[in-house]
Amino acid sequence: MALDHSCEDYRRTTRRSLLMGAGISSVAWMTRSALSQVGVRPGNADAGGDIVVSIFLRGGADGMSVVVPYGEDAYHRARPNIGLARPNDNSAAANARCLDLDGFFGLNPALAPLLPLYKDGHLAVVHAVGSGDQTRSHFEAMNLMERGLGQPVGDVASGWLARHLASSPPRAASPLRAVSISSTMPDSLRGATDALAIESLDRFRIDSDQDAAVRQSLASLYKHGKDAMSIAGRETLDVLDTLNRLDPKSYKAANGATYPVSDLGQGLRQVAFLVRANVGLEVACLDRGGWDTHVVQGATTGLLALQLDDLGACLAAFAADLGSDLMKRVSVVVQTEFGRRLQENTSLGTDHGRASMMLLIGGGFKGGKVYSQWPGLEEHQLEDPGDLKVTTDYRDVLAEVLTKRVQHANLGQVFPGYVPNPLGVC
C-alpha cells in the first residue's frame, strides 16, 4: 500500500480546520452579541435562474466503486475482495450486486436512493473524468480543480466560482448570492467579494427585542459610507436580518423528506431553506471528507459504504424536499479531486489514482445516462502505474453547467486558456 505525505497533510489540515472552525464560532458569537441588536429592513431579493450547488468529495472518491464498470472483466479480476458483483450474478448475495444503469455500468447499492432520480432522468453520471494533474496529491489536485485549471501551473489564484461571480452580473442585490456551508471559504470561491462562509445559518440571528438605540446607532454608522468597512457592515447586517426574518432553525423539509444528521445532510437542509426562501442565492458550496480509502474500503460494508450511505441519503432528501418544480432551477454537481487505483491493495483498500466520476442532479440535466469515453481497464489501456485514464476534462462539465444552466457568457474569464468540449449533459 502506497501512503504518500499528502495523506498525512490532509489529516493535519482536517484537524486544523476543526480548530479554525472553533475560532470562527467564537467570531460568530461575538458578531451576534454586537450586531444582533440592529434592526435592518428585510431584503426583497428575487432569485431567478438556476442555482449551482457544488459538492466536493474530499479525499479522492473511488469512482469505480460509486459507478461500477461491471461489464469489464478486468474490474472483477483486479478487485476480488472489494469489487461489486454484476447485477445478474446469482452466485452473489443480492446486496453485493451493483444496480444496473445501462447494461455496462451499475450503481453502488449504497446509493439505491438515487436510482429513482436516474430512472426519471434527473441524475446523470460522467465517468473517466478528471484533471490533467499527475501528482496524485490531495491538495494539489483539489486546489487545481477548485481554481478551474488543467495543470498545476500559472498564476491564477482565484477560484472558478469566484471568477464566474465576478464576470456575470448578480441576478439580485442579495447578501446571500454565494454561500459556503462551512467554517472556511473553499478555494472555488476564493477571491469572491460577494461570497459568505457560514458554518450554520442558525448562528447568525438578530434578536429583535434588543435595545432600539443600539440598533439605530449601528445602522447609522454603516449607512452612507463607501469604504470597505461600511460596505461590509451593511452586508453583514443584511445577512443577519434576512436570516433572522426567515428563521432557518424552524425550517421543515417538504414532501416527507428526512435529512441525515450528518454535516452534509444538515448543510443541504440549509441550502434547501435558502432556495425556498428566495433570497437571491446563486451558488452554494458544500463538501464531505473521508474518501481516502487506503484501508478497509470494503464493498457493501466498510468505510466506503458508510460514506455512500450518507451521500445517497443526503442527495435524495434534498431532491425530495425541493420537489420537481424547484429542482428544475437547481444544478447539483458532485465531484472529487481524483479516483483510485484499479487494483485493490493488501489492506483491502485502493490507493490514489487518476480518473473518477461526477454526479449531476437536477431538472436541467439530461439524466438517465452515463456519459463516458470509456478507455477500458485492461493492462494496456490503463495509465501507469495502473489507473483509469482521464478521457473527459472536468471543466467540460462545469462549463456546460455555466453556459446552459446559468447563461454565463464569459467562459474565457472563468477557465482562462481553455476551450471546453460540451458533452450534452444539459
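Which residue is the bridge partner of Ser-54 in β9? I began the notebook with this look-up, keeping in mind that the model is predicted, and found that the partner in β9 is Val-333.

**Entry on β9.** I next looked up how the strands on either side of this bridge run, and noted that β1 (residues 51–57) and β9 pair in the parallel sense over 7 bridges. Turning to β10 (residues 356–361), I found it joined to β9 by 3 bridges, with the two strands running antiparallel. Val-333 appears here again, since its bridge partner in β10 is Leu-360.

I then checked burial along β9 (residues 330–336) and found that 7 of its 7 residues are buried, so the strand is largely enclosed by the rest of the structure. I also noted the directions of its residues: Val-330, Val-332, Val-334 and Thr-336 point one way, while Ser-331, Val-333 and Gln-335 point the other way, and all are buried.

**Entry on β5.** From β10 I moved to β5 (residues 123–130), where 8 of the 8 residues are buried, so that this strand too is largely enclosed by the rest of the structure. I found 6 bridges joining β5 to β10 in the antiparallel sense, and recorded Met-358 of β10 as the bridge partner of Val-126.

I also looked up the pairing of β5 with β11 (residues 369–371), which is parallel and has 3 bridges, and saw that Ala-124 stands opposite Lys-369 in β11. With β12 (residues 392–393), β5 shares 2 bridges, again running parallel, and there Val-129 has Thr-392 as its bridge partner.

**Entry on α9 and α10.** How are α9 and α10 oriented to each other? I read off a packing angle of about 10° between α9 (residues 263–277) and α10 (residues 303–327), with their axes 9 Å apart; because angles under 35 degrees count as roughly parallel, I recorded the two helices as roughly parallel to each other. On the α9 side, I listed the contact residues as Leu-264, Gly-265, Leu-268, Val-271, Ala-272, Val-275 and Arg-276, and on the α10 side I noted several, including Asp-310, Cys-314, Phe-318 and Leu-326. Sorted by class, the contact has 11 nonpolar, 1 polar and 3 charged residues.

**Entry on α5.** Last, I looked at α5 (residues 138–147), in which 7 of the 10 residues are buried, so the helix is largely enclosed by the rest of the structure. The buried residues are His-138, Ala-141, Met-142, Leu-144, Met-145, Glu-146 and Arg-147. Just after α5, I noted that Gly-148 takes a positive phi of about 75°.

Technical notes. Residues numbered from 1 in each chain as written. Predicted model: local features only at pLDDT ≥ 70, side-chain atom pairs only at ≥ 80, totals over all residues. Heavy atoms only, no water. Buried < 20%, exposed > 50% of the residue type's maximum accessible area, 1.4 Å probe, protein only. Helix = DSSP H or I, 4+ residues; strand = E, 2+ residues; numbered from the N terminus. Axes fitted to C-alpha atoms, helices over the stretch in contact; angles between N-to-C directions. Parallel < 35°, antiparallel > 145°, perpendicular 65-115°, else oblique. Contact = heavy atoms within 4.5 Å. Nonpolar A, V, L, I, M, F, W, Y, C, P; charged D, E, K, R; others polar. Pairing = 2+ DSSP bridges.
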